[in-house]
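Biologist: Could you take me through one part of this model up close, in plain words? I'd like to see how the strands sit together and what the helices around them are doing.

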Amino acid sequence: MKTAIYQYWYGDEPRESALAGQANMKKYAKMVGADYIYYRDPEFFGGPCERQKMYSSGRPIYDDMFLQYDKVMYIDMDIFAVEGCTENIFEEDIKHVGICPEVDQPRLRATPGSSINGYINNQNDNKWADVVKKEYGVSVNRDSKNRPLVYNAGMIVYTREGLIQAREKFTQFQKHIDYMKRASFSGFYLSDQTYYGTMLHVSGVDFKILDTKWNSQLHFIRNGNSKSVNDRRKPDTNFVHVQISGADSWGADEHYQMVNLPTSMWNIPTKFNL
C-alpha cells in the first residue's frame, strides 16, 4: 500500500512550534513507510477561493499528484504523534474518508463563557445547520441533546476512491463560503472545518468517524476569569492536537511535555498556573 502524509505552511517563517510538529510528523511518516509531503506557500488547487490559506488543506482532493497513493492523510502542524507510537493510521478502516469528532464541543458551545471565542456557540451551530438544510436539503448529525455534532478537520484520511468521490461530489469551496456569507456568517463558520463538516453530511461520500485516539485534543476551558486544561488524551492515544492558547510561541521541548506528560508534570513558563 502506497501512502502519504501532507502538511503545508503559509506566510511568514514557520514558528518553532510548527517546525516541531513538522519534524514529529516526518518521523511518524518514516515509521509507517509513508511519503512525507510538505509545501511552503503552496500553489492552490480547488478553483477560486477567498480563503486559500485555510482551504489548502483540501489540496489532495484536487491535485492529481495525490491519486498515485492508496491513502493520504492531511494533518495540521499542531498535531503530534506520541512518543513510542507504533500504530499505523493507514491500517485503520476509514471507509473512504476518516475524521475524528470533537466530543466535548457540543456541550462546551452550549455553555456560555467556556471559550475565548464566544462567536463559536451552539446558537450559531444551529444556524449553520439551518443553512445546510436550506442550501443542501440535508439535516446534520446531532447528539442526544439535539446539538449539532462537531468534527475536527485537523486530521483527515482519504482513500484514493475517497479523493475521487470528494472531487466529484463536494461543493466547490467558494460556493460553500458564499452560502455561509449570505447567512451573515464570518470567521470560523467560513472555515475549512465547517466546510468538511458540511460536505461529509451532504455529499454522500462514505465516511467514518474515527476513534479520538487519532486526534486527542488539549485545550483550555474557561470559567469566568479562570481556566483549566481539557485533556482528552487516553491510554491508547496516538495523535495529540495541541490547541492550548499561547502554545504557538512555545518550542519543541514544551510540545513534547504537552503531548507526552500528564499536565501535573508540565514545566512550561506561562502566566497560567497549570
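Modeller: Let's start with β4 and strand β10 (residues 239-242): they run antiparallel, and 3 bridges join them. One of the pairs to look for is Ala81, whose bridge partner in β10 is Phe239. Keep in mind as you look that this is a predicted model. As a bit of background, strands of a sheet pair through backbone hydrogen bonds, and they can do so either parallel or antiparallel.

Now zoom out a little from that pair. β4 and β10 belong to an open sheet of 4 strands, and if you walk across it you meet β4, β10, β8 and β9 in that order. The pairing in this sheet is mixed. At the edges you'll find β4 (79-81) and β9 (226-231); each has a single partner strand, so one side of each has no neighbour in the sheet. The strands aren't lined up perfectly either: ignoring direction, neighbours are turned by 25 degrees against each other on average.

Next, the helices lying across this sheet. Helix α1 (residues 16-32) lies across β4 and β10, and it runs at about 40 degrees to β4. Helix α9 (residues 252-260) lies across β4, β8 (216-223) and β10, running at about 120 degrees to β10.

There's also a helix pair to find. Helix α5 (residues 122-136) packs with helix α7 (residues 173-182) at an angle of about 120 degrees, and their axes are 10 Å apart. That angle makes α5 oblique to α7. The crossing, as α5 passes α7, is right-handed. On the α5 side, the residues that meet α7 are Trp128, Val131, Val132, Glu135 and Tyr136. They meet His176, Tyr179, Met180 and Arg182 in α7. Sort the residues of this contact by type and you get 6 nonpolar, 1 polar and 2 charged.

While you're on α7, look at Ile177, which lies in that helix. Is Ile177 buried or exposed? Ile177 has a relative accessible area of 0%, so it counts as buried. Leaving out residues up to four places away in sequence, Ile177 touches Cys49, Glu50, Arg51, Tyr55 and Leu190. You can also check the spacing to Ser191: it sits 14 residues from Ile177 along the chain, and the C-alpha atoms of the two are separated by 8.1 Å.

Technical notes. Residues numbered from 1 in each chain as written. Predicted model: local features only at pLDDT ≥ 70, side-chain atom pairs only at ≥ 80, totals over all residues. Heavy atoms only, no water. Axes fitted to C-alpha atoms, helices over the stretch in contact; angles between N-to-C directions. Helix = DSSP H or I, 4+ residues; strand = E, 2+ residues; numbered from the N terminus. Parallel < 35°, antiparallel > 145°, perpendicular 65-115°, else oblique. Left-handed = near helix turned anticlockwise from the far one by under 90°. Contact = heavy atoms within 4.5 Å. Nonpolar A, V, L, I, M, F, W, Y, C, P; charged D, E, K, R; others polar. Pairing = 2+ DSSP bridges. Buried < 20%, exposed > 50% of the residue type's maximum accessible area, 1.4 Å probe, protein only.
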